[in-house]
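Dear colleague,

I am handing over the structure that we spoke about, with the sequence alongside. Please look through it first, and then read the notes below.

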Amino acid sequence: MHVPDDNPLHWIEADSEAWSQRGLERRLRVVENASAARITLDGRTLINFGSNDYLGLATDARVIEAACRTARDFGWGATSSPLICGWRAPHDELCEALAEFEGTAAALVFPSGFAANSGVLAALATPADVVYLDRLAHACLVAGARISRAKLRVFPHNDADRLGEILTRERSRFGRAIIATEGLFSMDGDIPPLKELCAVAEQHQAILVVDEAHATGVLGANGRGACEAAGVLERVPVRVGTLSKALGSIGGFVAGSRALIDLILNRAPTFLFSTALPPAAAAAARESLRILRSEPDRRTRLHSLAESLRQALPGPVPGNGPIIPWPVGDSGRTIALANALSDAGLFVPAIRPPTVPEGTARLRISLTAAHDLDQMQILSQTLRDYI
Ligand SMILES: *Cc1c(COP(=O)(O)O)cnc(C)c1O
């Protein structure tokens, strides 16, 4: 018999218990320091292999000063969504700087990379359309496809041939077709076959969207991302990025044609119905972008650290950038390994479902230009000791 319960949230306890039994429960931990290569947790300072601050800009004095100066001039909060009265000179200047950096006619900043990606898909697709996502694409692309109510299809990871077959079979059933993938996969560290994906998109009149969240500032001769590295900047009409990883700030952006940006600013719900970034955050990101462009040695250093770590680790190491996954499989074992590394002075996050598919829990090592070769040595030696 159903026993009525006054508390509408009574199910949470049992739900959490099941979650925690599967090794999936997470807790917030307060980080006590602020430097790129080190992290202080529970009073202990560890070498930090968990941050996305690839170029060490989040704590750069010039970036902090740009934010402080702009907060004094413009106040802190933007006070409104961009199209009401939240858009200020620092937002406009950042968009111009991003468009110039990306080599596009225009760019638009969002409150986060999540908002940028989900808003772009929501603006481009309608229920008559179809969105094809790489199986490992970030949750914000899934969210965007769902908001749009377009048909959502998933193709095998980095499999352009399979995607081509699917499109050949069903393209005619839909209006617009959108293909979305990541430039540098956040949890696997690998890059998609962008030339092949461009060819599939062109053959089937599909719109290719590349989420460069982890690749902006990291890949490509000028740090424009995976599309630049693959030589397909001109062939990818919609490029999305974040200001919160290599740029060390907060916010997201989309770069493309003037018509695309005008559509997005009129249609993306995450742009229309959310308060604009604090102007100071926009100014900080613009300063980071200036540094990213004027100090390319940060990127060079990041890649040489990644290269030396890959060589020092046993066995073939998947991926090819500053994200190095260490596959384990079982969530509990991954946590035990992360704890052992922590005891040895290394912070390497355990990544579990739902961030990655069931049964594919892993350690995820991420590097920054602020690391040094000794730290690569310590990490590879410690990992060897535990396998
Ligand atoms: C981090 C991330 C985002 C979200 O960016 P935020 O600026 O942190 O909201 C989007 N896509 C991918 C692939 C990411 O890794």
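How far does a polar side-chain atom of Lys 245 lie from an oxygen atom of the ligand? The distance is 2.7 Å, which falls within the 3.5 Å allowed between two N or O atoms in a polar contact. The protein covers 85% of the 380 Å² of accessible area that the ligand has on its own, where such areas come from the Shrake-Rupley method with a 1.4 Å probe and, for residues, only the protein chains shown count as cover.

Please bear in mind that this is a predicted model, in which local features need pLDDT of at least 70 and side-chain atom pairs count only at pLDDT 80 or more, while totals for chains, interfaces and linings use all residues. Residues are numbered from 1 along each chain as its sequence is written, and side-chain values use heavy atoms, with hydrogens and water left out.

Around the ligand there are 15 residues, of which Asp 211, His 214, Thr 242, Ser 244 and Lys 245 come nearest; a residue is counted here if one of its heavy atoms lies within 4 Å. A polar side-chain atom of Thr 242 is 2.6 Å from a ligand oxygen atom, and an N or O atom in the side chain of Ser 244 is likewise 2.6 Å from an oxygen atom of the ligand.

Elsewhere, Trp 11 is partly exposed, with a relative accessible area of 46%, partly exposed being the range between buried (under 20%) and exposed (over 50%), with a 1.4 Å probe and protein chains only.

With best wishes

How values were computed. Polar contact = N/O pair within 3.5 Å; in protein donor to acceptor, adjacent residues only side chain to side chain.
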